[in-house]
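Work through the exercises below with the structure in view. Each task is followed by a solution in steps.

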Amino acid sequence: MSSEFETFEEPTPDLDTAMQIIKTFLEHMEYTLGKDKYTSLLRDVFTALSYSVRDRLIARWLDTQQAYYHEDPKRVYYVSMEFLMGRTLENALMNLELLDDFKGAIESLGYDFHEILDEEQDAGLGNGGLGRLAACFLDSMATMSIPAYGYGIRYEYGIFRQKIVEGAQVEVPDNWLRYTNPWELDRQQHLHTVRFYGKVIEYKREDGRTIYDWVDTEHVMAMAHDTPIPGYGTHTVNTMRLWSAKASREFDLKFFNEGNYIRALEKKLTSENISKVLYPADNVQEGKELRLKQEYFLASATIHDVLYRFRKVHADFRILPDKVAVQLNDTHPALCIPEMMRVLIDQENFSWDDAWDVTRNTFAYTNHTILPEALEKWPVWFFEQILPRHLIIIYEINERFLVEARRRFPFDNERIGRMSIIEEHWERKIRMAHLAIIGSYSVNGVAALHTEILKTDLFRDFYEMYPEKFNNKTNGITQRRWLKMANPGLSALITEAIGDGWVKDLEQLKKLKPLADDPAFGRRWGEIKLEAKRSLAKYILKHNCISVDINSIFDCQVKRIHEYKRQLLNALHIIALYNRLKSGLCQEIPPRTFIFSGKAAPSYAMAKLIIRLINGIADVVNNDPDIGGKIKVIFLANYNVSLAEMIFPASDLSEQISTAGTEASGTGNMKFTLNGALTIGTLDGANIEIMEEVGAENIFIFGMNADEVAAMRRNYSPKTWYNGVPELKIVIDMIGNGAFSPGEPELFKPLVESLLSSDTYMILADFASYMASHEEVGRLYLNREEWLRKSIINTSAVGKFSSDRTISEYAKDIWKVAPHIVGSRKERTPADGSITPETSL
């Protein structure tokens, strides 16, 4: 073996001793950071330690890329606008199975390991369930040795950092890249050109073929930043590649020399705005335009990268579907479809039919929303200005599709209009979901109910035309982050009881079920829950200056703030409970701590008003001596993965209360259940499947189902419920009369008016059932032993909801890929010691 190769040799296990770890840590501190024990800060300690861990990742990472290059398995490309990764250091050590080794070594130097972990900022690459699902999928794909890459955008300022000022959400930049990010490797030599604007010149070649020449375009460069994604207990380390926008010209010397310094940098600043912020405000035209440019930027850079990698080994793009599966995570990356067509036709000289055959057999589309208003539609004139060539391609896709649809459904013009990619209203728009369905070979929902709604309602026309495309893949979560790492106490107890096989096979948690009837095991389970609640209580005291009772029910609703998720219903219940306590009607109830957390979109006024209301209720309830501290209301600011890892283990009750038929799946519900929380929820999303797994007697279901909601909606009168439920009327009148906004009595009038005029998400109709279900919760909690028994049963039944199961179904049913086991370099090096560089590019 050559000495060159030996320099990259991964440390053998016997060298991963405390002394070896300390040696690499100190070397990075001195030679990488230029610091010593006198000048280093805690941030330096974190960075040096992270580089030490990254060293161990990179050897496996290079092995993985070499294996993919030489052995050429079919690869999966998961394209998502969001990857909500959370912190990396502890997760990487856990997956490398080196957590205890590194912890012991670093603490022997006198450092507090947990302080070092807390020094890491969450990567600001996502907002909610969409991004966290993508992160769980990356973990599962690496753990299951699926050859896969994640593609996204490297947002410089993420979504935003949320502060609560006088009860209101205030957005400030999330400068998560303020310091060096030790996990990413910049590929500065690896750039793709992304084009915008310009015009299209159409002409005929001598052979009669029409040529489209996209000219006079503006260029932005997409630069790759790679992050290694290690699997648990495997040699595989996959790649998450994020794109940052760079100007094609950094600096205009002509303007600078004229003294126009701002104009000299204008092009650079405008270009690089594309990767500044996740989801720019869409209530102004400039924000909408920037978001469309972000989506095309991601699509174009990714497609060029996928084809670049494919062409390293293969000359014929016609076999692309045999070697590549591109999964579109919602409609945001749907522009990958016309971009693939553009490249194949304009650059590779494919005929339309050949290009379409390759394209439609390469892409698969996951839908994540049932709400019609959440399905992306872009004005045609946006495309005319920003992406004129792609508009021509989309028109052609649509024209050919409509010919096919008319053959399938003759004389049904209404249906044809519904199915068209182009929405022909006063402002013509492009329906991105329709483009994704037509251009993909698979369309999947993310929970059984969600998929049924897609087939029978939202996309019924398409299902009747392409029934073979539609399938369900119920979402899942990675138990490694959400139990083993987030809840080490419970994880240790489970492993002691049933072994550690559950870490890679969550179905093994079924072995816990007999232990639910063991009082001694139940007591230990309860002690661990109490310790987690104690940790969260300390966090609440530190950040909210409120003391909470750890023996109270920790009743948690943590998720994106949106009307359909019905945080407002939860708030109405709190007010009603407060009124009952004030009037002395329910003294024999267990104390409750209501915990909210989540961000509202900056331009979503109603969601931000709900946050104001929750904090207004907190101000009143938390400071009223008449109720003796029986209930407390907490809003934890700046919800992110790290905060979630503290909340889920401490939760007693999980609020999953969206209107039936509105939530696609949800994954927070799964994380709560995994950590032993009981669920109060509607028959919506994955709640239904959770109920089927844990048993109806171990979950609190209330309210209407999706069919009942649809039936009632036709003649729904919110005022009937307002006038018919006296307790509800009192609560709403209190909100409208300024009881929770004494300085601004009119503040919450829009919420009241919305409830009484339309109540789109039927909060009033479900209120009485919700109150009754909460009474059941209180009664059960007073029977501590029975509550713990049900808690254990919930955790034991959650095996279905591992993202490993979800990914295995994607791999088998959609992607048609198999695990590809990666060996170490020693196992794979030819006898002559030669290697071929596959730099993961």
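**Exercise 1: a pocket lining**

Sort the lining of the second largest pocket by residue class. Solution: the lining has 13 nonpolar, 5 polar and 5 charged residues. Here Ala, Val, Leu, Ile, Met, Phe, Trp, Tyr, Cys and Pro count as nonpolar, Asp, Glu, Lys and Arg as charged, and the others, Gly among them, as polar.

The model is predicted: local features need pLDDT of at least 70 and side-chain atom pairs pLDDT 80 or more, while totals for chains, interfaces and linings use all residues. Residues are numbered from 1 along each chain as its sequence is written, and side-chain values use heavy atoms, without hydrogens and water.

**Exercise 2: helices at the pocket**

Find which helix gives the largest share of this lining. Step one: helix H18 (448–458) and helix H28 (706–713) each supply at least two lining residues; helices are DSSP runs of H or I with at least four residues, and strands are E runs of at least two, numbered from the N terminus. Step two: H18 gives the largest share, 6 residues.

**Exercise 3: two strand residues**

Decide whether Asp555 is buried or exposed, and do likewise for Glu218. Step one: buried means under 20% relative accessible area, exposed over 50%, and partly exposed in between (1.4 Å probe, protein chains only). Step two: Asp555, in strand E17 (residues 553–558), is buried because its relative accessibility is 1%. Step three: Glu218, in strand E8 (residues 218–230), has 37% and so is partly exposed.
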